[in-house]
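Hello,

I promised to send you this structure along with some notes, so here it is. Please open it beside this email and follow along.

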Amino acid sequence: METVVKSGSVGTRASKQAKEGSKNRSRRRWRKGKIKASAFSHSMDLRTMTQSLVTLAEDNMAFFSSQGPGETARRLSNVFAGVREQALGLEPTLGQLLGVAHHFDLDTETPANGYRSLVHTARCCLAHLLHKSRYVASNRRSIFFRASHNLAEMEAYLAALTQLRALSYYAQRLLAINRPGVLFFEGDEGLTADFLQEYVTLHKGCFYGRCLGFQFTPAIRPFLQTLSIGLVSFGEHYKRNETGLSVTASSLFTGGRFAIDPELRGAEFERIIQNLDVHFWKAFWNITEIEVLSSLANMASTTVRVSRLLSLPPEAFEMPLTSDPKLTVTISPPLAHTGPGPVLARLISYDLREGQDSKALNSLVKSEGPRLELRPRPQQAPRSRALVIHIHGGGFVAQTSKSHEPYLKTWAQELGVPIISIDYSLAPEAPFPRALEECFFAYCWAVKHCDLLGSTGERICLAGDSAGGNLCITVSLRAAAYGVRVPDGIMAAYPVTTLQPSVSPSRLLSLMDPLLPLSVLSKCVSAYSGTETEDHSDSDQKALGVMGLVQRDTSLFFRDLRLGASSWLNSFLELSGRKPQKTSAPTAEPVRPQESMRRSVSEAALAQPEGLLNTDSLKTLTITDLSFKGNSETSDTPEMSLSMETLGPSTPSDVNFFLRPENSQEEAEAKDDVGTMDRGPRVRAPFPEGFRPRRSSQGILRMPLYSSPIVKNPFMSPLLAPDSMLKTLPPVHMVACALDPMLDDSVMFARRLRDLGQPVTLNVVEDLPHGFLSLAALCRETRQAAELCVQRIRLVLTPPSTPLI
């Protein structure tokens, strides 16, 4: 009897194991079949894919129509009818875009631009629908067929396909209006406002639920899903704590219902990106700065000998001019908005090198708390011949070198050179040009004191990602304007090169991008440009409480101070062409408060070559116009300051690029009625008869980016810099993402540099999101993309036929 029992238990366990093994094999076959189906779909041409999808949709539609009056069957029949309609409507437009996309590539070896990206994204959606339709057709009669799950999946991707069809019509309209080869929309402000006012009303939630990250490599999608759950949980916690001061990492792990309900998560994601201000995004992006999370990241990253936070004193110093090293120029500390202050920078080195443990450097070290020494003190290695100066990204509003330290440690190991990463002040508390001033000051300090950093400084590379890539380019422009040494090269990963609210095909992808939604981009740019506005009509802002009101009023007070200081920058761009005075005699006129505030801004903040001041007003220039301007001769020694007397009064513009001011609705309607014929081709309502995209249910999207001349300043938007300035840049190496809304920034900037004969390279990685450097340890694809950035830096640091020590 005992033997029988044992035999029975063994048999039961074996039966369970067999069933589990069968289930696991089925799951593996299903996943492998899905991957193969996806790969096969991607190898199909667009017409064949569309025809296959239409055939399957018609077959499934007929089957479920015959299944009786059930609600699920009816909805499945309707969803397949919708798939058929949208696929047939989308295919001709995608074919047209794909047929002309090659005209917008940088060259034949770099087939990348926003039109190609939009077509690729639509193909990904069609491929998923094709695979799902095949699955439904093969399993719809099975008793294990989950009709409700497959219905929800199909409805989600149908919504995404509908919105992608709308984006394809917008891209088609851009193609018809723009000049050949130009990716950014160049219509007047009214047309831009019309376009964006229509565009921002589109429904976005479908891209943040079940369809989240469908366009990216599969290894990225689990991370994006986790990120979205954390985001909506964080947003809910942030809303409950109105001032946002008590938000911690624990709020990322309280979103259970968002994890199990993709539709709810998508709707909440859309509400957050549409309604919460830049302070929320600053708090969320800085969550990696929390000690627990940063410690975990550091434990998983490369171990280095040196990682020290330095505080560079706000003291002026002299730098030699490259044209004549016997002459020097004074590098003043940053002054804009908040006055002189130290600049923080982090020194990272895989080996302890000469100078890095000197008394002079130790006196600059800023304490970050106790550190545990795990290894004995090593001997010092000789100074490296190269130095990398890094500027981090974060939309100009968030993060520090601490957030980027994990991949910087890997760089330090692979390159074998010290890296100094600049912690510039962040907007909106420190808008433009504070970050530029601090980065330029730190760059000059590093060049002058490279021996303390463990380098001889023979080769110097500026490297940065996103907003940091923008600052790398503008720091180089400013170094050339001052006449001091420019870096030997720039590595910019997915940089933003224009902060104008211009529409381009790749920027249309911001409708679905979980990392760079359009409204978030707008809020970051508004904060950096100093044109941030606050709307207190939202119900979320009405119950701030006493402390919240104090914080809000204090923020408004400092914002007014910033705007007063930034008015100097506005007026700079309104110059009529008078040359700056080297010296200015004091006048007897009383100093107005606004002029007094202007004096607090660094007078050298935007020092430009003389030729730039002799061009037309930047407010009326376009990218193509600038390619023919700026060739006038510049003086050998650039002007370092501008007399206040040369600056006229400035009036902030009230024209909103995105939404018309509420008090001008009637006037706008009258202009539409009277001046339609004068305004040229319309951008509104580009959809064919019978097609209506889905609209957002989250109310009016308020994006506070106004038509300010500041955003056209070449030190903010280097894509708009005149030729004479761009010719001063060193070799530029850019690494962009094919599915990044900022892709066209890199393509157009590379094209401008190449047209000028400037050395430039552009590498475009596939299927990865913006910000892949921070995800370098996530998967093989991100590691390969990060390695490509290292290779570009190595090109700068290693002169031809010269080994790097």
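Below is what I found, starting with the whole chain and moving on to the sheet and the helices.

One thing to keep in mind is that this is a predicted model. The protein chain has 805 residues, and 55% of them count as buried. Its secondary structure comes to 24 helices and 10 strands. Looking at contacts with a separation of 6 or more, 83% are between residues 24 or more positions apart.

The sheet

The part I would look at first is an open sheet of eight strands with mixed pairing, in the order 1-4-6-5-7-8-9-10. Its edges are strand 1 (306-312) and strand 10 (760-765); each has a single partner strand, so one side of each is left without a neighbour in the sheet. From one strand to the next, the twist averages 20°.

If you start at the strand 1 edge, you can walk inwards pair by pair. Strand 1 and strand 4 run antiparallel and are joined by seven bridges, with Ser307 standing opposite Ile348 in strand 4. Strand 4 then pairs with strand 6, again in the antiparallel sense, over five bridges. Here Leu344 has Asp423 in strand 6 as its bridge partner. The sense changes at the following pair: strand 5 (residues 384-391) and strand 6 (residues 419-423) are parallel, with four bridges between them. In that pairing, His390 is opposite Ser421 of strand 6.

Is strand 4 mostly buried or exposed? Six of its seven residues are buried, so strand 4 is largely enclosed by the rest of the structure.

Helices on the sheet

Two helices that touch the sheet are worth a look. Helix 14 (residues 434-448) packs on it, touching strand 1, strand 4 (343-349), strand 5, strand 6 and strand 7 (455-465). The direction of helix 14 makes about 155° with that of strand 6. Helix 24 (residues 780-797) lies across strand 5, strand 7, strand 8 (489-493), strand 9 (732-737) and strand 10. Relative to strand 7, helix 24 runs at about 145°.

Helix against helix

Helix 24 also has a helical partner. Helix 13 (residues 401-415) packs with helix 24 at an angle of about 50°, and their axes are 11 Å apart. That angle makes helix 13 oblique to helix 24, and the crossing is right-handed. From helix 13, the residues involved are Trp411, Glu414 and Leu415. They meet Ala786, Glu787, Cys789, Val790, Ile793, Arg794 and Leu797 in helix 24. Sorted by class, this contact has seven nonpolar and three charged residues, with no polar ones.

The other helix pair I noted is helix 9 (residues 262-275) with helix 16 (residues 518-529), whose axes come within 8 Å and cross at roughly 25°. Helix 9 and helix 16 are therefore roughly parallel to each other, and helix 9 passes helix 16 in a left-handed crossing. The contact brings Ile273, Gln274 and Asn275 of helix 9 to Ser519, Val520 and Lys523 of helix 16. By class, that contact has two nonpolar, three polar and one charged residues.

That is what I have for now. Enjoy looking around the model, and do write back with any questions.

Best wishes

How values were computed. Residues are numbered from 1 along each chain as its sequence is written. This is a predicted model: local features need pLDDT of at least 70, side-chain atom pairs count only at pLDDT 80 or more; totals for chains, interfaces and linings use all residues. Side-chain values use heavy atoms; hydrogens and water are left out. Axes are lines fitted to C-alpha atoms, for helices over the stretch in contact, and angles run from 0 to 180 degrees between N-to-C directions. Helices (H or I, at least four residues) and strands (E, at least two) are DSSP runs, numbered from the N terminus. Angles under 35 degrees count as roughly parallel, over 145 as roughly antiparallel, 65 to 115 as roughly perpendicular and the rest as oblique. A crossing is left-handed if the near helix is turned anticlockwise from the far one by less than a right angle, and right-handed if clockwise. Contact means heavy atoms within 4.5 Å. Ala, Val, Leu, Ile, Met, Phe, Trp, Tyr, Cys and Pro count as nonpolar, Asp, Glu, Lys and Arg as charged, and the others, Gly among them, as polar. Two strands pair if DSSP finds at least two bridges between them. Buried means under 20% relative accessible area, exposed over 50%, partly exposed in between (1.4 Å probe, protein chains only).
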